Amino acid sequence: MSGHSKWATTKHRKAAQDAKRSALFSKLARNITVAAKEGGDPNPDNNASLAAAIEKAKGYSMPKDKIKTAIDKAFGSGKDAANYETVVYEGYGPAGVAVLCEALTDNRNRTAADVRAAFSHSGGNLGTSGSVAFQFDRKGQIMVSKEVETGDKKNPIGPNGAAADEEEFMLAVAEAGGDDYEDADEEWIVYTAPGDLMAVVKELEAQGIQVKGAEMTMIANTPSEVSVADAKKVMRLIDKLEELEDLQAVYHTMDITDEIAEALDE
């Protein structure tokens, strides 16, 4: 386990999503609804996909009532019925950076037109199915804060069990069945095999470590090095795509170095 590697390429995207909270909640709700419907069970204990969708929503502090409403919608009827389908779009952005988009849509033609327009207006090209997917690996991703609220007025913030110490946390992750972890400032990011996500979450919690959130993600297996100027062009495309209501997640292969991260935050 390295403790360092992938988070720099995704934290900028997460920060951007956090800033668009109302739109993000809408996407998280749609994700929960589809997971509940496809799993055929509103109980996350019996529906692994739903459990993962709920954990992801918790990671972004989505209120419990909104989570419940999203689950209920999966089993509604008439105007309350959920009729979404999963669609993946692949293409290349500026500087040849591979981009993969995951959508949940009730109108495939509308979504395809919106995605194609975003690519073409940003100097990119929408590709065919399978054109870039091979450049990504599916992973489970768990967020763990190093410190948590204690409920003690005198000491309101305290260590989150083994997460407060890297050596102890490394052992905890290994024991829980995690593949890798890395330092993301105030929290740890744990990576797992796709099918192990919820099992690792439960094992970490069993060790007394509070989990902030968990989700499925795509990690570039060979990050692309780009200039600062090209990075800004790529992020304009990513931002356009993430603004689309139907898109649940947008992944890219661009290697966001410290220099690029600083330039993007300006």
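Helices, at least four residues long, and strands, at least two, are DSSP runs numbered from the N terminus. With that in hand, welcome to a short tour of a predicted model. We will visit three residues, Asn 47, Ile 71 and Glu 182, and then one of the cavities.

**Asn 47, a loop residue**

- Look between helices α2 (21–39) and α3 (48–59), and you will find Asn 47 in the loop that joins the two.
- Asn 47 has a relative accessible area of 4%, so it counts as buried, because buried means under 20%.
- The side chain of Asn 47 reaches out to the backbone oxygen of Asp 41, at 3.1 Å.
- Asp 41 also turns up among the contacts of Asn 47 when neighbours within four places in sequence are left aside; the others are Ala 35, Ala 36, Gly 39 and Gly 40.

**Ile 71, a helix residue**

- Helix α4 covers residues 64–73, and Ile 71 is part of it.
- At 11% relative accessible area, Ile 71 is buried.
- Once neighbours within four places in sequence are set aside, Ile 71 is in contact with Ile 32, Ala 36, Pro 42, Leu 50 and Ile 54.
- Ala 36 is worth highlighting, since you can find it in the contact list of Ile 71 and in that of Asn 47.
- Try tracing the chain from Val 34 to Ile 71: they are 37 residues apart in sequence, while their C-alpha atoms are 8.5 Å apart in space.

**Glu 182, a strand residue**

- Strand β7 runs over residues 180–184 and includes Glu 182.
- With a relative accessible area of 3%, Glu 182 is buried.
- The side chains of Glu 182 and Tyr 191 make a polar contact at 2.8 Å.

**A cavity to explore**

- The model has 2 cavities of 30 Å³ or more.
- The second largest cavity holds about 30 Å³ of space.
- To find the second largest cavity in the structure, look for its lining residues: Leu 24, Lys 27, Leu 28, Asn 31, Lys 56 and Gln 248.
- Helix α2 gives the largest share of that lining, with 4 residues.
- Sorted by class, the lining of the second largest cavity is made up of 2 nonpolar, 2 polar and 2 charged residues.

Note on methods
Residues are numbered from 1 along each chain as its sequence is written. This is a predicted model: local features need pLDDT of at least 70, side-chain atom pairs count only at pLDDT 80 or more; totals for chains, interfaces and linings use all residues. Side-chain values use heavy atoms; hydrogens and water are left out. Buried means under 20% relative accessible area, exposed over 50%, partly exposed in between (1.4 Å probe, protein chains only). Contact means heavy atoms within 4.5 Å. A polar contact is a pair of N or O atoms within 3.5 Å; within protein, one must be able to donate a hydrogen and the other to accept it, and residues adjacent in sequence count only if both atoms are side-chain atoms. On a 1 Å grid over the protein atoms alone, a cavity is a set of points where a 1.4 Å probe fits but cannot get out, and a pocket is an open set with protein on both sides within 12 Å along at least five of seven lines; lining residues have an atom within 4 Å of a point. Grid points are joined across faces, edges and corners, and a volume is the space filled by probe spheres set on the points. Ala, Val, Leu, Ile, Met, Phe, Trp, Tyr, Cys and Pro count as nonpolar, Asp, Glu, Lys and Arg as charged, and the others, Gly among them, as polar.
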